[in-house]
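Open the model in your viewer and keep the selection box ready. We will walk through it stop by stop.

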Amino acid sequence: MRWALVKVSLAVTTMVVLAFAVPLGLVIREMARDRAFSNAEREAAAVAPALSITTDRDQLERVVASAGSDAGMAVHIPAGDGQDAIELGRQRAADQDIAAVRKLGRASTTGVTGGSTLLQPVALSTGEIAVVEVYVPESEVTNGLGTAWAVLAAVGVALILGSVAVADRLGVRMVRPAQRLVEGARELGEGQLGARVPEEGPTELRLAAVAFNSMADQVVQLLANERELAADLSHRLRTPLTVLRLNTASLGEGPAADQTRTAVEQLEREVDTIIRTAREAKPQTAAAGPGAGCDAAEVVRERMAFWSALAEDEGRKWRVAGAERPVRMPVARADLAAALDALLGNVFRHTPEGTAFAVDLHNGEDAVIVLVSDAGPGIPDPEAAMARGRGSGSDGSTGLGLDIVRRLAESTGGDVRIGSSVLGGTEVRIWIQPAGRAPVGRGHRGAVRRRRPGRLATAYHRSRSR
């Protein structure tokens with residue numbers, strides 16, 4: 001593109017320069033010729049008054065000499081009234097040309113060796129016609145013409161070079177953003193997801209850069225969402241794996257039991273590997289639309305019915321409160337179930353057998369609160385536990401469970417907090433904003449001011465601490 005612009009500019013500018021320079025050169029030449037013959041006419045006019053008064057040879061010679069052009073001027077006076085013809089100076093024009101001017105009584109020019117001559121007729125007092133011949137050499141006609149043409153050519157060349165330089169700069173300004181766009185596309189195609197291009201250059205290329213960067217962001221977002229989905233779906237396998245691992249304890253001894261336990265452990269390790277490999281981003285949990293959602297009380301009862309069997313096998317005491325009446329929550333049923341399974345799975349995975357736990361559900365105008373508490377050893381660093389992918393550092397811990405819960409709450413504008421429970425262990429509080437409020441977007445999560453717990457949450461904590 002760059003060289004194409006240079007070639008086009010070179011061709012166009014050359015044609016424009018030639019279109020103006022050639023006629024201008026011819027005009028300059030004609031002006032130089034007119035200037036030379038104008039000077040010759042003035043010299044001839046200087047002799048004409050003397051010829052109209054006298055035809056004396058001596059006097060005419062002095063007049064011609066005083067004009068300063070005796071070397072290039074000749075005077076032809078015909079014979080008449082008993083007077084012989086007089087010829088002053090060097091004759092260069094042909095006799096027939098002089099006779100023709102005398103006959104027509106009109107000035108004319110004629111070419112001679114080395115230049116041209118101006119033949120100017122002058123009427124004498126005797127009625128005869130004398131002819132003044134002024135020689136105009138070719139050097140006088142072309143005087144200054146070479147310099148003028150050289151200047152004109154230099155100006156034309158400068159215009160051409162300037163046009164080429166400007167076209168080259170414009171070409172670079174257009175080509176460089178295009179090259180960066182090509183390089184960015186190549187890098188993105190090679191898997192460099194951070195490839196972006198500067199949004200500069202002409203309007204069209206700038207818009208193309210904006211579209212490319214937006215596309216790259218969308219690609220990164222889609223890939224992150226895919227990895228996140230793979231990690232979350234893999235994490236959901238932890239619940240049935242936990243059941244299998246707990247059930248293998250009742251198989252007793254024997255080759256089949258050992259193989260089953262080994263297979264479950266291997267499967268857990270593979271799931272952990274999948275989760276850690278897929279985990280790279282933090283996609284937004286999609287919020288349910290108007291009129292959608294689920295009955296949180298029904299989901300809590302269903303999941304507690306599932307986990308109660310395992311709790312009885314391990315001798316754990318458990319309690320459910322607040323799930324007697326329907327509680328609408330603006331989240332998908334599967335997402336809430338996955339969040340509860342993640343929290344309850346952590347209780348079974350990270351607390352000793354026989355540790356009690358409880359699930360409390362409270363509904364109010366400003367919040368829906370789900371509390372999962374246990375009597376275990378607690379979490380020493382809640383901030384680190386909430387960091388995605390950190391986990392506890394032990395086998396079987398990927399750190400995604402609490403992040404699933406956090407994204408569920410933040411999708412509605414709520415949040416998740418970890419503290420100490422009245423049972424003596426850990427308490428995870430999920431604060432869900434009721435339907436009708438705009439969910440917190442993924443890209444605006446850091447900019448949204450977290451709401452403090454409402455009066456319902458404050459009253460609830462006070463009642464539990466009594």
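Two strands pair if DSSP finds at least two bridges between them. Helices (H or I, at least four residues) and strands (E, at least two) are DSSP runs, numbered from the N terminus. This is a predicted model: local features need pLDDT of at least 70, side-chain atom pairs count only at pLDDT 80 or more, and totals for chains, interfaces and linings use all residues. Residues are numbered from 1 along each chain as its sequence is written, and side-chain values use heavy atoms, with hydrogens and water left out.

**Stop 1: strand β9**

Select residues 357-363, which are strand β9. Five of its seven residues are buried (under 20% relative accessible area, with a 1.4 Å probe and protein chains only), so β9 is largely enclosed by the rest of the structure.

Now add residues 368-374, strand β10. β9 and β10 pair in the antiparallel sense over seven bridges. A hairpin of four residues links them. Find alanine 358: serine 373 in β10 stands opposite.

Next, add residues 318-321, strand β7. β7 pairs with β9 in the parallel sense, over four bridges. Look for tryptophan 318, opposite phenylalanine 357 in β9.

Strands of a sheet pair through backbone hydrogen bonds, either parallel or antiparallel.

**Stop 2: the five-stranded sheet**

In what order do the five strands of the open sheet run? The order is β2-β1-β5-β4-β3, with antiparallel pairing. Select 86-88 for β2 and 108-112 for β3. These are the edge strands, and each pairs on one side only. From one strand to the next, the twist averages 20 degrees.

Go to β3 and add β4, residues 115-123. Five bridges join this antiparallel pair. Threonine 109 faces leucine 118 in β4.

**Stop 3: helices on the sheet**

Select residues 57-66, helix α2. Helix α2 lies across β1 (73-77) and β2, at about 25 degrees to β2. Angles run from 0 to 180 degrees between N-to-C directions, and axes are lines fitted to C-alpha atoms, for helices over the stretch in contact. Contact means heavy atoms within 4.5 Å.

Then select 95-104, helix α3. Helix α3 packs on the sheet and touches β1, β3, β4 and β5 (129-137). Its direction makes about 130 degrees with that of β5.

**Stop 4: phenylalanine 20**

Finish in helix α1, residues 2-53, and pick phenylalanine 20. Is phenylalanine 20 buried or exposed? Phenylalanine 20 is exposed (over 50%), with a relative accessible area of 62%.
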